[in-house]
Amino acid sequence: MMTANSTNWAHSPHIYVENVPGSDKAYEVREDEIRKHLDALSITPRITCRSSDDRDLEAFRRADILIAAKLDSAFIASEGKSLKLIQCTSAGVERFAPFDWLPTSTVLTNASGVHAGKVAEFGLMATLMLHNRVPAIATRQRHHDWARELSGTAKGKRVMIYGVGALGGAIADRLHEAGFRITGVRRSGEPVASVEHMIRPSDFREELPRVEILILACPLTPETKGLLGAEEIAALPKGASVLNVARGGVVDHIALVRALEDGHLSGAILDVFDKEPLPADSNLWDIPNLMVFPHVSADAPEGYIDRCLMILADNLGRVLAEKPLRNVVDRQLGY
């Protein structure tokens, strides 16, 4: 937590915004929007909005706060000595790890939670698609194959969500409302109302034989890289299915493809990949019973920056009140 002696800057902070040139205007951070969100705090921010290809070096060197989607770690390490707070407008920050470039006096916060509403809807849609074997139906359609395969209702079907944080928890709420029975996996093991059975990562493999639909919603860390490999897929019951809205690196795609081709898995929906956009020559495009989504599960442009700036305003209020900040990235855990 920042001490009283280290919070004077928050009354009149220098805020530097680095927008990504050519990006969707819905994700552009503007000065008027910042002022609107900070108005209730009765502070007098000094704001500089630039793009990464048109930097104001002197303003950056004076900045107390950096708002950006892409963090130029080398530039921050060399020129961001005055930074007290970095508000990343992305939820996933694993691509910036390890965080040895981050000044020891600088707090990094992310946008975790701003995607929750959209990803909850996508998670419900995709889980119902897997339950109703839609990936297999889409594969048959491509081959002009009329083959009926009936499914019952979702009530009582067993789902596991690996990663019951902001996103996984939002998905759990929607699936619970639809009647699914949910096992959750989270580091703390702390219960969540919509999750029937919460376990720690150490119990993950033991629970897999009882899972009908596995949902991956965790950050990519050294511990979760390759989380779902050949052994874990084999532990799932025949006919199970997989949804990945986490990161491509948590899944061994070779093992996943093999399980889809031999029929052990009935279907899979992938929204994230090791390389994005997914190359046109990737074999994943044509694997039977696999549906490819172009990383759209969590993106809801309308109001996105507003939700990010709400986090910033809340945290500045917490600095002034000498309270712990929210959405702080743990340098060791990577999220």
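Here are some exercises, each with a worked solution, on the predicted model shown above.

**Exercise 1. Work out how big the protein chain is and what it is built from.**

Let's start with the parts list. The protein chain has 10 helices and 12 strands. Next come the dimensions: along the principal axes, its C-alpha trace spans about 65 × 40 × 35 Å. Now check the radius of gyration. A compact globule of 335 residues would come out near 20 Å, and the protein chain has 22 Å, which agrees. As for the inside, buried residues make up 49% of the 335 residues. Finally, look at contacts with a separation of 6 or more: 62% of them join residues 24 or more positions apart.

**Exercise 2. Find the strand order of the open sheet of 5 strands, and say which strands stand at its edges.**

Read across the sheet and you get 2-1-3-4-5, with parallel pairing. The ends of that order give you the edges: strand 2 (46–51) and strand 5 (107–109) each have a single partner strand, so one side of each is left without a neighbour in the sheet. From one strand to the next, the twist averages 15°.

Now zoom in on one pair. Strand 1 (residues 14–19) runs parallel to strand 3 (residues 65–68), and 4 bridges join them. If you want a spot to click on, try Val17, which stands opposite Ile67 in strand 3. Then add a helix: helix 1 (residues 31–38) packs on this sheet and touches strand 1, strand 2 and strand 3. The direction of helix 1 makes about 145° with that of strand 2.

**Exercise 3. Do the same for the open sheet of 7 strands, then place two helices on its strands.**

Here the order is 8-7-6-9-10-11-12, again written with parallel pairing. Strand 8 (197–199) and strand 12 (290–292) stand at the edges; each has a single partner strand, so one side of each lacks a neighbour in the sheet. The twist averages 15° from one strand to the next.

On to the helices. Helix 6 (residues 166–178) lies across strand 6 (158–162), strand 7 (181–185) and strand 9 (213–216), and runs at about 165° to strand 6. Helix 9 (residues 253–261) lies across strand 10 (240–244), strand 11 and strand 12, running at about 140° to strand 11.

**Exercise 4. Is strand 10 mostly covered or uncovered, and how does it link up with strand 9 and strand 11?**

Count first: 5 of the 5 residues in strand 10 are buried, so to speak of it as mostly covered is fair. Next, sort the side chains. In a regular strand they alternate between the two faces of the sheet. In strand 10, Ala240, Val242 and Asn244 point one way, Ser241 and Leu243 point the other way, and all are buried.

Then look at each neighbour:

- Strand 9 runs parallel to strand 10, with 4 bridges joining them. Leu216 has Asn244 as its bridge partner in strand 10. To get from strand 9 to strand 10, the chain crosses through helix 8 (residues 230–235), in a right-handed β-α-β crossover.
- Strand 11 (residues 265–270) pairs with strand 12 over 3 bridges, while strand 10 and strand 11 pair in the parallel sense over 5 bridges. Asn244 has Leu270 as its bridge partner in strand 11. Strand 10, helix 9 and strand 11 form a right-handed β-α-β unit.

One last stop is Ala268, which stands opposite Leu290 in strand 12.

**Exercise 5. Find what helix 5 packs against.**

List the buried residues of helix 5 (residues 134–142): Pro135, Ala136, Ala138, Thr139 and Arg140. Those residues pack against helix 4 (116–131), strand 11 and strand 12. Just after helix 5, His144 takes a positive phi of about 55°.

**Exercise 6. How many disulfides does the structure hold, and are Cys218 and Cys308 buried or exposed?**

A search of the whole structure finds 0 disulfides. The cut-off for one is two cysteine sulfur atoms within 2.5 Å. For Cys218, the nearest cysteine sulfur is that of Cys88, 18 Å away. For Cys308, the nearest is also that of Cys88, at 8.5 Å. To judge burial, use the limit of under 20% relative accessible area. Cys218 has 6%, so it is buried. Cys308, at 1%, counts as buried too.

Note on methods:
Residues are numbered from 1 along each chain as its sequence is written. This is a predicted model: local features need pLDDT of at least 70, side-chain atom pairs count only at pLDDT 80 or more; totals for chains, interfaces and linings use all residues. Side-chain values use heavy atoms; hydrogens and water are left out. Two strands pair if DSSP finds at least two bridges between them. Axes are lines fitted to C-alpha atoms, for helices over the stretch in contact, and angles run from 0 to 180 degrees between N-to-C directions. Contact means heavy atoms within 4.5 Å. Buried means under 20% relative accessible area, exposed over 50%, partly exposed in between (1.4 Å probe, protein chains only). A crossover is right-handed if, with the strands pointing away from the viewer, the path from the first strand over the helix to the second runs clockwise. The radius of gyration is taken over C-alpha atoms; the globule rule is 2.2 Å times the number of residues to the power 0.38.
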